[in-house]
Structures are given as C-alpha cells and as structure tokens.
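Please read these notes with the sequence and the structure open beside them.

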Amino acid sequence: MKKKIISKACELFLRLGFNSVTMDDLASELCISKKTLYKFFINKEVLVQEAAYILEKQFYDKINQVMNLNYNSVEEHFEIHRLFKGVVKTVGALPLHQLKKKYPDIYKYVVSSEYEMFNVFMRRNLARGIEQGYYRSDVEIEEYIGFYYTIRFHINENVTDKVQVHRLELSALIYHILAITTDKGRDELNWQLSINA
C-alpha cells in the first residue's frame, strides 16, 4: 500500500504541484481513508520528502541511461536537453519553486542532489569531448562546470514559464558548447541544431 501511495503522490505532485495536492486529494484519488494515509505517512511533509527522493532517483536513472548510450559528447548534451525539455513540458518549473517556499529543507536536498548529478555528467562529458576531439584540450573542466551550472541554475531558479525555460536552456547549451568546442565540435553542434530545430 505504501508503494501505491507514493506512486500516486509522485504523479499528482508532478502534475499539480507540491502545494496544490492535499492529503484529502490523495486519499480520494486512491479511494482510501485519510486515516490509512496517516498510517504510512505521519504528515504531508514526510510524504513530499519521500516523493521528492523517488522522483530525483528516477530522473538520475534516466540521465544514466542516456550516458550509457555512447553518443558523442555534443550529441549527448542534446539528448540530455531533450530529456529536460520533456520534464519541463510535463511538469514545468513550478513544483521546484513550490518546494523552495513551503519545504526549504527538501528543496535544499533536491538542489544539492541535482548539483551532484550535474557534476558527474559534466565531468564525464567534458573528458570524453576532449578525448573525442569535440572540445578543446585546454578546457579548464572545473571552471566550465561552474560556469554552465551557474547559468542553468539561474534559469531554473528564476523562470517559471515552460516555453521560456526551454528557450533559455537551449541558448545556455549553445553558449556552453561554443565556448569549449573545436572545429569538429562546432560542426557537430551545427548538425545537432539543424536536426533539433
């Protein structure tokens, strides 16, 4: 029953936002009593925390799947961008903003976890890109991870419109790749832009 509750909570939180879904809504969706809900989750915050951890893990698993498909380093960025676009299209930035306001400790965990995931992806992508000849060999990996993360974090912290988030994230990606790319990488970037237009 606990797995069923968490699964439905994740679905509702993503669709409607963390603040919008009440324990009454969840009990009604599951056709169970609130008393049954509270048997498994002492309060909504505990439920939100568990749901956020599960959603974070699911997203991390999806990124790992993309990373294991052996795309070239520029192409891999576009595959991850498509993944983010799908999430933003379905969810938008609103649930994360709601976490920040109502559940700051959970929000800090999610942001910290995303930063770790971002670091793992970027470190691997930059090293492979240099090895494959798509990125310059003089790229300061730590600096570029920091630069790109700062830009993306700023977008996700300050923009709630789904269309604008996607447009700005694509611009940030192009900016990032142009800053580190070789001629070979620039050709691949142009190819990716032509097929992803």
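The points below go from the whole chain to one helix and then one residue.

1. This is a predicted model, in which local features need pLDDT of at least 70, side-chain atom pairs count only at pLDDT 80 or more, and totals for chains, interfaces and linings use all residues. Residues are numbered from 1 along each chain as its sequence is written, and side-chain values use heavy atoms, with hydrogens and water left out.

2. The chain has 10 helices and 0 strands; helices are DSSP runs of H or I with at least four residues, strands runs of E with at least two, numbered from the N terminus. The C-alpha atoms fill a box of roughly 65 × 30 × 25 Å along the principal axes.

3. Of the 197 residues in the chain, 43% are buried, meaning under 20% relative accessible area with a 1.4 Å probe, protein chains only. Contacts are heavy atoms within 4.5 Å; among those between residues at least 6 apart in sequence, 71% join residues at least 24 apart.

4. Helix α8 covers residues 141-158, and its 18 residues reach 26 Å from first C-alpha to last. Its buried residues include Tyr-144, Tyr-148, Tyr-149, Arg-152 and Glu-157.

5. Glu-188 belongs to helix α10 (residues 183-195). Glu-188 is buried yet has no salt bridge, that is, no side-chain nitrogen of Lys or Arg within 4 Å of a carboxyl oxygen of Asp or Glu. The nearest side chain of opposite charge is Lys-184, 8.3 Å away. Beyond its neighbours within four places in sequence, Glu-188 contacts Asn-72, Val-74, Glu-75 and Tyr-134.

Note on methods: Buried < 20%, exposed > 50% of the residue type's maximum accessible area, 1.4 Å probe, protein only. Expected span 1.5 Å × (residues − 1). Lys, Arg positive; Asp, Glu negative; His and termini not counted.
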